[in-house]
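Me: Please take a close look at the charged side-chain pairs in this structure. I should like to know where the partners sit and how they relate to the rest of the chain.

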Amino acid sequence: MQNNQNLRWGLIILIVLGFTFVLYLNYDSKGEAPSKTSSQDVSSQANQSSEETVESVSEASSQTDESELESESDVETTLDVDTTNQSNRVAVVPSQSSEEESDSSESSSEDESREEDETNEAESEASSASSEGSSEDESTEEDETNEAESESSSASSESSSEDESQEEDETSESESEASSASSDSSSEDESQEEDESTESSSESELTFDDIYQTDLMEENGIEPLDLDAYENMADVIDQTLTEFNVNSSEISLAYYNFHNEEHYYLNENELFTAASITKVPLSALYIDLINSGEYQLDSELDYSEALFEAGAGNITNGPLESSYTIEELITEAITHSDNTAMNILKAEYDKEFGNFREDILTFAGIDEKPEDFLNSNLSSAYITEQVLIKIVQDESYSDLINLMFETSPSQLFTSYVNNEMMANKFGRYEQAVNDSGIYYENNQPQYALVVLFDNINQADQFLEVMNLRVNQWFRAHN
């Protein structure tokens with residue numbers, strides 16, 4: 001136990017002696033402290049001294065181990081701590097050395113140690129301050145650099161992320177729009193195909209019963225047209241005239257095919273009693289006046305007793321009023337062939353704009369103005385046909401055509417051909433019977449037919465069969 005304690009004190013003494021020797025080497029030959037060096041030199045010297053101290057301690061330890069093996073002499077150590085300075089000073093006194101040498105060595109060691117401590121303390125403070133300043137500067141620079149790099153990296157990352165996100169959004173949006181456009185296009189194509197299919201289906205779904213009044217045909221013994229018995233439309237018309245014993249000179253007829261613009265005329269310019277078919281072109285003239293701002297649909301026209309005329313219609317057969325709107329007058333004149341409504345319209349037009357018959361010819365695009373036409377209620381198949389073609393081709397007259405679909409009661413051209421398919425306006429006056437109309441399928445005009453004549457036996461039956469056979473031939477060849 002005593003030997004181990006002596007060994008430890010021996011090691012301590014050797015370490016202190018090595019450290020003291022290193023400090024002593026820092027003084028110059030004149031005994032003065034060396035000039036102050038930079039913190040880098042001090043650090044370098046301290047590292048070198050530390051390395052030398054370690055080597056000295058290592059050698060001393062080795063020698064002690066050898067000495068310990070050869071003999072077991074006792075070593076006494078004394079530790080003296082001077083509290084007057086901030087650093088500790090250790091004096092090592094061997095117990096078996098001379099007292100004088102020990103005192104001298106101790107005094108010299110204490111003086112040198114004090115001076116070294118003061119010098120090292122100053123150098124340590126300077127080195128510490130320099131190191132701290134340098135460390136702070138380097139730390140600040142590193143922090144700023146790192147912060148800048150971090151911000152730059154963050155900004156770059158954010159920018160890159162935003163760019164990538166934007167590109168992804170744009171790509172996604174583009175793909176979505178393309179998909180939507182493709183879907184819309186596909187939907188439109190499908191919708192168009194469905195519409196075409198529906199239209200085609202609608203056309204194919206039209207049966208004989210849809211178009212014709214089959215019950216009335218069966219009741220009157222009317223057979224479907226034998227198509228093999230006729231060569232063309234002219235043949236159909238001529239043979240129908242022959243069947244009903246109608247002289248071709250006693251009739252004015254016009255036929256027009258909207259598909260191929262084919263005409264068939266028979267005495268088309270001969271004037272016959274117009275009766276109520278004049279109500280269609282007169283109504284068209286009022287539609288032009290409304291569209292030009294001269295009137296409104298609710299503009300009221302005056303009634304007087306001189307304008308009353310017996311016949312059908314709600315105005316003629318209802319409580320008479322002092323005035324009626326233009327809309328009421330046109331509706332009653334077309335749907336119920338009201339003569340009083342017609343007379344109110346004629347009187348207003350002649351008073352404000354001159355002879356309405358002359359303007360009917362202008363409306364129909366006819367330059368020649370026959371005197372008989374201007375002074376009497378007459379018309380020809382050609383004049384009436386041209387009026388029908390014009391109101392079909394101009395959408396502003398669509399309401400007028402819709403009223404013609406509501407002509408009541410169904411008769412003549414709409415006896416065997418359903419009035420839902422045929423827009424017509426007939427006329428009767430004394431021995432005169434006539435009709436004019438436009439046949440439609442799928443809201444498209446197919447053909448126009450006008451027939452005027454006076455004093456013909458079986459006039460109604462003739463007009464009914466004439467339109468039925470024209471219709472059957474037309475549908476079989478168009």
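Reply: A suitable starting point is Arg428, which has a relative accessible area of 38% and is partly exposed. This value earns that label because it lies between the limits of 20% for buried and 50% for exposed. The model is a predicted one, and every value below is computed from it.

The partner of Arg428 is Asp460: the two side chains meet in a salt bridge, with 2.8 Å from N to O. Arg428 belongs to strand β7 (residues 422-429) and Asp460 to helix α15, so the bridge ties together parts that are 32 residues apart in sequence. Asp460 is likewise partly exposed, with a relative accessibility of 26%.

This pair is one of 4 salt bridges in the structure. Another of them joins Glu243 to Arg469, whose closest N and O atoms are 2.3 Å apart. Here the partners come from two helices, Glu243 from α6 (residues 233-243) and Arg469 from α15 (residues 459-476), and therefore the contact ties together parts separated by 226 residues in sequence. The surroundings of the partners can be set side by side. Glu243 has a relative accessible area of 46% and is partly exposed, whereas Arg469 counts as buried at 15%. The label for Arg469 follows because buried means under 20%. Helix α15 has now been met with both Asp460 and Arg469.

A further salt bridge links Glu348 and Lys351, with 3.7 Å between the closest N and O atoms. Both residues lie in helix α9 (residues 339-353), and a spacing of 3 residues separates them by about one helical turn. Glu348 is buried, at 13% relative accessibility, while Lys351 is exposed, at 58%.

Glu348 also leads from the charged pairs to the nonpolar interior, for it is one of the residues that Tyr286 touches. Beyond four places in sequence, Tyr286 is also in contact with Tyr295, Leu301, Ile326, Ile330, Leu345 and Tyr349. Tyr286 is itself listed, together with Leu301, Leu329 and Ile391, among the residues with the most contacts inside the largest nonpolar core, which has 56 residues. Helix α7 (residues 279-291) gives the largest share of this core, namely 8 residues. Another core of 39 residues lies apart from it and includes Met217, Tyr255, Leu412 and Ala459.

A polar residue can also be followed into the interior. Ser252, in strand β1 (residues 251-257), is buried with a relative accessible area of 0%. A polar atom of the Ser252 side chain lies 2.7 Å from the backbone oxygen of Asn267. Apart from neighbours within four places in sequence, the residues in contact with Ser252 include Leu266, Glu268, Glu270 and Phe272. Also among them are Ser380 and Ala381, as well as Val450, Val451 and Leu452.

Some details of the backbone deserve attention as well. Gln458 lies in the loop between β9 (444-454) and α15, the helix that holds Asp460. Phi of Gln458 is near 50°, a positive value in a residue other than glycine. Ala275 also has a positive phi, of about 55°, although this residue is not a glycine. Its place is in the loop between β3 (272-273) and α7, and at 10% relative accessibility Ala275 is buried. Elsewhere, a cis peptide bond with omega of about -5° joins Ser408 and Pro409. Pro409 is found in the loop between α13 (398-405) and α14 (413-416).

The chain as a whole provides the setting for these parts. Its secondary structure comprises 15 helices and 9 strands. Of its 478 residues, 35% are buried. Among contacts between residues at least 6 apart in sequence, 64% join residues at least 24 apart. The chain exposes about 28000 Å², of which carbon and sulfur atoms supply 41%.

To return to the request, the described pairs can be placed as follows. Arg428 and Asp460 link strand β7 with helix α15, and Glu243 and Arg469 link helix α6 with helix α15. Glu348 and Lys351, by contrast, both belong to helix α9.

Terms used. Residues are numbered from 1 along each chain as its sequence is written. This is a predicted model: local features need pLDDT of at least 70, side-chain atom pairs count only at pLDDT 80 or more; totals for chains, interfaces and linings use all residues. Side-chain values use heavy atoms; hydrogens and water are left out. Helices (H or I, at least four residues) and strands (E, at least two) are DSSP runs, numbered from the N terminus. Buried means under 20% relative accessible area, exposed over 50%, partly exposed in between (1.4 Å probe, protein chains only). A nonpolar core is a set of buried Ala, Val, Leu, Ile, Met, Phe, Trp, Tyr and Cys residues joined through side-chain atoms within 4.5 Å. Contact means heavy atoms within 4.5 Å. A polar contact is a pair of N or O atoms within 3.5 Å; within protein, one must be able to donate a hydrogen and the other to accept it, and residues adjacent in sequence count only if both atoms are side-chain atoms. Accessible areas come from the Shrake-Rupley method with a 1.4 Å probe; for residues, only the protein chains shown count as cover.
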